[in-house]
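Hi there,

Here is the structure I promised to pass on to you. Have a look at it first, and then read on for what turned up in it.

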Amino acid sequence: MPKIPALSFAIGVSLVLAAFPAGAQSPDLMEQLKIMRQQLEEQRARVDELERQLRASGVAAPSQLDNLRGTGNPQQPATATALLPSPITAPVNGQAAAPAQYPAAAPHSSLDLLRGLGSAPVAAAGQQQDNGSAPPPSPQPINNSPTVGRPPSAESRAPQVAPIFESPGVLTPRGKLVFEPSIQYGYSSSNRVALIGYTVIPALLIGLLDVREVKRNTTTGAATFRYGFDNRLELEAKIPYTYRSDATVSRELFTGTATERAFNTSGQGIGDVELGWRYQLNEGGVDKPYFIGGFRFKSRTGRDPFQVVTDCQTRCVGENVTGTGLPLDLPTGSGFYSVQPSLTWLMPSDPAIFFGSFSYTHNFKRGNVYRTVLNGEKEFLGDVKPGDVFGFNFGMGLALNEKASFSIGYDHNSVGRTKQGGQVVPGSVRMQLGTLLLGYSYRLNNQRTLNVSVGAGLTRDTPDVTLMVRMPFSF
């Protein structure tokens, strides 16, 4: 027979007896009922024996056993039942099988922890029952938090994205030092054709042609240090080292030769050291933008363009000019002090983060400037003022998983015209530099992150391609 509880078995016997009248019961049916009554009596005897054992061990109160039989008051027990009565088993070889024991129910504290509502500690393992067997291990809570439904604490710092622009979007935490080595490579090429003369008939030029093709490679390695004074303020110092090489195919200025000349030059050394600070202006949060103000100062520690020797006999402008007018050694700095205020914004919008910035670079005027030409002679240039630069950029960052992220953005800079002696330099025009940027970031561990960005120039004056690799270390 299948295993059924004693109470259900008794109810089934009663229903069978009520369904058949006394006169209609066959001898076979009476024999089967007799066997069923005998098994019921055996099961009742086992229940009574189990009751005596439970009372002796103090596991369950008599009222709870009465509730199990259905004879007590129908009320919910105070705690989960420790043991259920043994199920009915069919006799095997004339002997009743041993009653099967159900595992002990979990206490209220364990159930509360499973629901995420309780705070009682889990019972220690290894506690022995009266029969000498160890209880099953107590279930562990599903989550580490003692309660559920509690909203996460608001983030006070801007979220992190894969950096693609020069300034990062995330501030350094309080008391943390970040050392970021980086290397940047840029390549640009340009062609220029200048027609100096006049035409007599179409397709016939009387005069000079100045044709130049320039290939420029620039590699800059930098060591950047950032320190967070608190969660809203950080200071930054950047020390670059620059290596440049140019290859120019041209003809000598103001000569009638048809021979082209390849002019190769290079230069390397410390670049312009930069100092800056950045401050988070507001709290921000979910669907609320973060605003970060910044200020950067650039020195002129690198070798400037007026210190290198220019390939001109005595002068590079005016009459009696000979040579290519190109520097024999390339400079590693701009030669001017400059300051740059900026405003960066970040807008979290799960799962993406939108970001961007506005900046304005002011280049200070430099007076009594001389340019060095061949034979150690100096050419006086007077006061020189480079054009100021207005820039903006924007982009979007997307977290691929807990370690990798991806960013895409656009960076634009508008460079003003250069002035000499208060007048615009002939041939100087405003330049527009536009770059499309892609960036990838992968967190190697809690202290190191690998960042790679690639830029493609969209305007004629912008470098054709730029590649930057960064690896910040956090201490």
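Below is a tour of what was found, from the cores to the charged pairs.

One thing before we start: this is a predicted model.

**The cores**

Let's begin on the inside. The largest nonpolar core is made of ten residues: V161, I164, F165, L171, Y290, I292, L346, I353, F355 and L437. Two strands, β6 (290-298) and β8 (352-363), each supply at least two residues of this core. There is also a second, separate core of five residues, with F306, F336, L381 and V384 among them. As background, nonpolar side chains in soluble globular proteins tend to be buried together.

If you want one residue of the ten-residue core to click on, try L437. Leaving out residues up to four places away in sequence, L437 touches I164, F165, S407, I408, G409, D411, V454 and G455.

**Rings that pair up**

Next, the aromatic side chains. How many aromatic pairs does the count come to? It comes to ten. One of them is F165 with F355, an edge-to-face pair with 5.9 Å from centre to centre and 70° between the planes. This pair links distant parts of the chain, as its two residues are 190 residues apart. You'll find F165 in the loop between α4 (108-115) and β1, while F355 sits in strand β8. Both F165 and F355 are buried, and both belong to the ten-residue core as well.

Now compare that with F394 and Y410. Their ring centres are 6.0 Å apart and their planes are at 45°, so this pair counts as tilted. F394 is in strand β11 (residues 389-399) and Y410 is in strand β12 (residues 404-415), so the pair ties together parts that are 16 residues apart in sequence. Are these two buried or exposed? F394 has a relative accessible area of 43%, so it is partly exposed. Y410 has a relative accessibility of 18%, so it counts as buried.

Rings can also join into a group: ring pairs link F179, F225 and F473 into a cluster.

**A loop residue that touches Y410**

Y410 comes up again when you look at L458, a residue in the loop between β16 (449-457) and β17 (465-470). With 52% relative accessibility, L458 counts as exposed, because the cut-off for that is over 50%. Leaving aside neighbours within four places in sequence, L458 is in contact with Y410, G434 and L436. The C-alpha atoms of L458 and T435 are separated by 5.5 Å, though these residues are 23 apart along the chain.

**Strands**

There is an open sheet of four strands to find, in the order β9-β10-β13-β14, with antiparallel pairing. Its edge strands are β9 (366-372) and β14 (423-424), each of which pairs on one side only. β13 (residues 419-420) and β14 run antiparallel and are joined by two bridges. For K419, the bridge partner in β14 is V424.

Another strand worth a click is β1 (residues 177-199), where you'll find S182. S182 has 15% relative accessibility, so it counts as buried. Apart from neighbours within four places in sequence, S182 is in contact with T220, G221, A222, V469 and R470.

**Charged pairs**

Last come the salt bridges, and the count is 14. Which residue does R55 meet in a salt bridge? The partner is E51, at 2.2 Å from N to O. Both lie in helix α2 (residues 27-57), four residues apart, which is about one turn of the helix. R55 is partly exposed, with a relative accessible area of 46%, whereas E51 is buried at 11%.

Two other salt bridges to look up:

- R371 with E379, at 3.4 Å from N to O. E379 is buried, with a relative accessible area of 3%.
- D388 with K385, at 3.1 Å from N to O. Both of these residues are buried.

Finally, E180, R226, E236, E274 and R296 are linked in a network of salt bridges.

That's the tour. Enjoy clicking around!

Cheers

Notes: Residues numbered from 1 in each chain as written. Predicted model: local features only at pLDDT ≥ 70, side-chain atom pairs only at ≥ 80, totals over all residues. Heavy atoms only, no water. Core = buried A, V, L, I, M, F, W, Y, C linked by side-chain atoms within 4.5 Å. Buried < 20%, exposed > 50% of the residue type's maximum accessible area, 1.4 Å probe, protein only. Contact = heavy atoms within 4.5 Å. Pairing = 2+ DSSP bridges. Phe/Tyr/Trp six-rings, centres within 6.5 Å; stacked < 30°, edge-to-face > 60°. Salt bridge = Lys/Arg side-chain N within 4 Å of Asp/Glu carboxyl O.
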